[in-house]
Amino acid sequence: HPSDNSRLVFLHGDVSEHSIASVIAQLLMLANANSNPIHLVVSTYGGSVDEMFSLYDTIKFLPCPVHTVGLGKVMSAGVLLLAAGEKGKRLMGASGRVMMHSVSGGVSGNVFEVQNETNEHVRLHNMMIDALAKETKMSRKKIESIMSPKLDSYFTAEQALKMGIVDKIIGAK
């Protein structure tokens with residue numbers, strides 16, 4: 001079907017208000033046109049957790065399937081977005097890499113403001129762990145162990161496949 005070539009949406013660069021608004025607008029427009037699958041290509045260092053969840057909820061709400069393709073870098077907020085694709089239809093380039101870490105953000109203010117922001121960070125962190133556990137083969141405990149060190153954890157495409165973040169590897173072996 002020739003028009004299906006245009007059912008490609010790219011998330012390249014930061015997960016920000018600007019990039020995610022554009023991706024969501026394209027997804028909604030394509031979903032409105034017909035119910036054929038949409039391919040979402042993800043290549044990002046990550047970004048806003050709030051924006052990640054707005055796109056995640058959109059992907060889950062769309063009436064048509066979203067097939068995800070991770071190319072190059074799929075990091076931080078990008079990991080859940082890649083994993084959110086339709087099961088069996090989540091691809092990753094053989095040379096790509098995944099990076100996972102805990103939810104981060106800077107906090108300043110008085111002790112009550114800091115406590116309030118910290119509580120919200122913990123809530124978002126737990127939401128992300130729950131969503132990743134739902135979308136992958138990893139248990140909540142496994143995801144927590146990956147995210148608990150203060151370091152970024154890097155994984156190959158092969159490891160991402162074993163972890164259930166993707167279903168198939170594409171490209172050169």
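Here is a walk through the structure, strand by strand and helix by helix. Keep in mind that this is a predicted model.

Let's start with S1, H1 and S2, which together make a right-handed β-α-β unit. The two strands, S1 (8–12) and S2 (38–44), pair in the parallel sense over five bridges. If you want one pair to click on, take His 12, whose bridge partner in S2 is Ser 43. S2 is well wrapped up: six of its seven residues are buried, so the rest of the structure largely encloses this strand.

Now look at the helix in that unit. H1 covers residues 17–33, and a quick sanity check on its geometry works out: with 17 residues at 1.5 Å a residue, the helix should span 24 Å, and its end C-alpha atoms are indeed 24 Å apart. Which residues of H1 are buried? They are Ser 19, Ile 20, Val 23, Ile 24, Leu 27, Leu 30 and Ala 31. Viewed down the axis of H1, these buried residues fall within an arc of 135 degrees, so they line one face of the helix. The spacing has a familiar logic: an α-helix has 3.6 residues a turn, so residues three or four places apart point the same way. On the other side of H1 you'll find Glu 17, His 18, Met 29, Asn 32 and Ala 33, which are exposed.

What do the buried residues of H1 pack against? Their partners are strand S1, strand S2 and helix H2 (49–61). Thr 58 gives a close-up of the helix side of that packing. This residue sits in H2 and touches Ile 24, Leu 27 and Leu 28, leaving aside residues up to four places away in sequence. With a relative accessible area of 11%, Thr 58 is buried, since the cut-off is under 20%.

Back up a little to the loop between S1 and H1, where Asp 14 is found. Is Asp 14 buried or exposed? Its relative accessibility is 51%, so Asp 14 counts as exposed. Asp 14 still has contacts from further along the chain: not counting residues up to four places away in sequence, Asp 14 touches Ser 19, Thr 44 and Gly 46. As for Gly 105, that residue is 91 residues from Asp 14 in sequence and 15 Å away in space, C-alpha to C-alpha.

Moving on from S2, the pattern repeats. S2, H2 and S3 make a right-handed β-α-β unit, and six bridges join S2 to the parallel strand S3 (residues 66–75). Here Thr 44, which we just met as a contact of Asp 14, has Val 74 as its bridge partner in S3.

From S3 we go to S4 (residues 90–93), and these two strands run parallel with three bridges between them. Gly 70 has Met 92 as its bridge partner in S4. The chain gets from S3 to S4 through helix H3 (residues 77–83), and this β-α-β crossover is right-handed. In the loop between S3 and H3 sits Ser 76, and its backbone deserves a look: phi is near 50 degrees, a positive value in a residue other than glycine. For context, most residues other than glycine have a negative phi. At 13% relative accessibility, Ser 76 counts as buried.

S4 also pairs with S7 (residues 168–170), in the parallel sense and over three bridges. Met 92 turns up again here, with Ile 169 as its bridge partner in S7.

Further along, helix H5 (residues 140–147) has Ile 143, Ile 146 and Met 147 as its buried residues. Down the axis of H5, they fall within an arc of 90 degrees, so they line one face of the helix. What covers them includes strand S5 (97–100), helix H4 (111–135), strand S6 (153–156) and helix H6 (157–163).

Finally, the core. Nonpolar side chains tend to be buried together in soluble globular proteins. In this model the largest nonpolar core has 49 residues, and those touching the most other members are Leu 11, Met 52, Phe 53, Leu 55, Val 98, Met 100 and Ile 165. Val 98 makes a good place to centre your view: leaving out residues up to four places away in sequence, Val 98 touches Val 74, Val 79, Met 92, Ser 153, Tyr 154, Phe 155, Ala 160 and Ile 165. Among these contacts are Val 74, the bridge partner of Thr 44, and Met 92, the bridge partner of Gly 70.

Technical notes
Residues numbered from 1 in each chain as written. Predicted model: local features only at pLDDT ≥ 70, side-chain atom pairs only at ≥ 80, totals over all residues. Heavy atoms only, no water. Helix = DSSP H or I, 4+ residues; strand = E, 2+ residues; numbered from the N terminus. Expected span 1.5 Å × (residues − 1). Buried < 20%, exposed > 50% of the residue type's maximum accessible area, 1.4 Å probe, protein only. Arc of directions from axis to C-beta. Contact = heavy atoms within 4.5 Å. Pairing = 2+ DSSP bridges. Right-handed = clockwise from strand over helix to strand, strands pointing away. Core = buried A, V, L, I, M, F, W, Y, C linked by side-chain atoms within 4.5 Å.
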